[in-house]
Amino acid sequence: MSTKTLGLAIGLLIAPGSVAAQLPADTAAMIDRVLASFSHTDGPGCSIGIDRNDAPLFRRGYGMASLESSRPMTEWSVVESGSVAKQFTAGAIAYLAVQGKLGLDDPIQKFIPELPGYGSPVTIRMALNHTSGIRDMWTLFELAGTRSGTHLHTMDRALAMVYRQKDLNFPPNSAFLYSNAGYLLLAEIVKRVSGQPLAQFSEKVFFEPLGMTQTQWRDDWNRVVPGRVTAYERDDKGSFRVDMPFMSVYGAGGLLTTVGDLLKWNHHLTQPTIGGQSWAALMHQRGRLTDSKDIDYASGLFITEYRGEPEISHSGATGGYRTYLARWPARRLSLALLCNAGNANTIELGHQVADVFIGPRAVDRVAVRVADTAPGSFPIKPTDLAGFSGNYYSPELDIVYRLSVTNAGLTAQFGERAPVTLRPTEKDGFSGPQGLRVKFSRAANGRANGFRLGAGRVQNLRFVRQDR
């Protein structure tokens with residue numbers, strides 16, 4: 001190893017200016033061991049920040065911010081937050097509510113009349129809690145055959161996809177199902193109510209007053225952002241490839257920030273100076289379904305427990321970025337973890353760091369093999385399989401699925417995506433990769449005339465047969 005490389009390797013473990021003096025050396029070393037797999041000069045890494053009693057306790061960078069320029073990750077590295085951003089959009093909505101500019105139980109259509117009525121009110125609160133039933137736009141784009149990284153997504157394009165949906169996943173507030181589209185709509189509501197895009201509103205109301213000088217929304221994908229790190233994923237051969245979000249859509253994600261700025265936000269959630277306790281109470285109010293069951297999600301925050309202690313947290317993933325922001329109020333402990341490695345399990349890593357302060361786990365975690373719950377096969381004759389062949393159109397996706405019988409079975413071809421094989425699981429029912437499910441309907445003459453499609457965060461999509 002050259003002198004230059006050796007110096008860089010040492011610098012990766014203790015970045016210049018890192019806050020660690022308040023920690024005993026052995027405690028800091030325990031955190032280093034948790035993140036040791038990211039402390040290399042030939043791979044992406046993570047930055048971590050920890051506060052205790054509302055004071056900085058630990059800041060450190062591991063691994064590389066840029067493999068192209070050999071720039072190391074530090075506490076000042078700017079990383080895209082993924083869904084950790086949702087609490088900032090929720091914060092803007094809660095602030096407008098405290099100001100009397102909107103009500104959380106107002107229908108979304110009051111501010112966005114372009115959204116269909118759905119026959120039952122869909123409220124701002126439901127969007128905050130992921131109980132609206134509104135379909136997730138990123139899943140919709142995938143089902144429409146759009147390959148990630150091949151189209152530049154904009155706010156208008158994403159909103160247009162959501163506006164086209166004539167049905168919901170389920171009756172409003174009857175269930176919890178995570179939906180990025182709900183937070184896309186919330187960002188649009190902030191713009192229409194305040195008269196400013198969410199990016200400018202957030203800067204004025206939160207970022208500037210809280211001293212979050214490194215934080216901004218990625219509302220312009222092409223803008224130069226000093227200190228921004230590159231995100232990476234491994235390809236099939238094990239080599240790193242750049243995997244950056246190719247979009248100018250924000251609100252559900254798209255926040256650029258640092259661990260230090262996120263910890264300032266965590267502190268504000270505990271001791272709010274903007275909006276006061278009324279604002280903080282709205283942020284932490286868990287959702288309640290129509291059947292009176294409380295859920296673990298509040299306004300961009302999961303309200304859960306870790307090892308018997310209250311935990312308030314959210315993780316994020318977009319492109320090759322992986323993130324985690326958490327608080328353990330009983331310990332007055334706050335943690336921010338930002339990584340530019342697609343294989344980083346930030347929730348698990350964050351919990352391992354928390355264990356350093358909470359104490360060793362009572363028992364080691366044991367990997368439990370989960371039984372295969374995938375639907376079983378259903379016998380079907382090849383001549384019967386051919387009866388499902390044809391072209392099927394979805395007006396909500398504006399795309400045709402071309403179904404045909406191949407050596408692999410029933411195959412669906414749509415958009416830019418590779419053909420998808422559907423296997424029979426029940427009478428007139430098929431399943432495919434990534435949770436794809438298809439249920440055919442039949443005309444009076446018994447011929448398949450359409451189907452309903454579901455996949456993860458999108459359910460009940462209607463397709464109609466064209467070749468009648």
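1. Before the cavity, a word on classes: Ala, Val, Leu, Ile, Met, Phe, Trp, Tyr, Cys and Pro count as nonpolar, Asp, Glu, Lys and Arg as charged, and the others, Gly among them, as polar. By that split, the lining of the largest cavity has eight nonpolar residues, no polar and no charged.

2. Housekeeping: this is a predicted model, where local features need pLDDT of at least 70 and side-chain atom pairs pLDDT 80 or more, while totals for chains, interfaces and linings use all residues. Numbering runs from 1 along each chain as its sequence is written, and side-chain values use heavy atoms, leaving out hydrogens and water.

3. Back to that cavity (on a 1 Å grid over the protein atoms alone, a set of points where a 1.4 Å probe fits but cannot get out; lining residues have an atom within 4 Å of a point). Its space is about 30 Å³, a volume being what probe spheres set on the points fill. Y401, L403, A412, L422, L436, V438, F451 and L453 line it. Strands β17 (399-406) and β22 (448-455) each give at least two of these residues; strands are DSSP E runs of at least two residues, and helices H or I runs of at least four.

4. Now the open sheet: six strands, ordered β2-β1-β15-β14-β13-β12, with antiparallel pairing (at least two DSSP bridges between two strands). β2 (55-62) and β12 (302-306) are at the edges with a single partner strand each, so one side of each has no neighbour in the sheet.

5. Within it, β13 (309-318) and β14 (321-328) pair over seven bridges, and S313 sits opposite A326 in β14.

Key:
1 Å grid on protein atoms, 1.4 Å probe; cavity = no way out; pocket = protein on both sides within 12 Å on 5 of 7 lines; lining within 4 Å.
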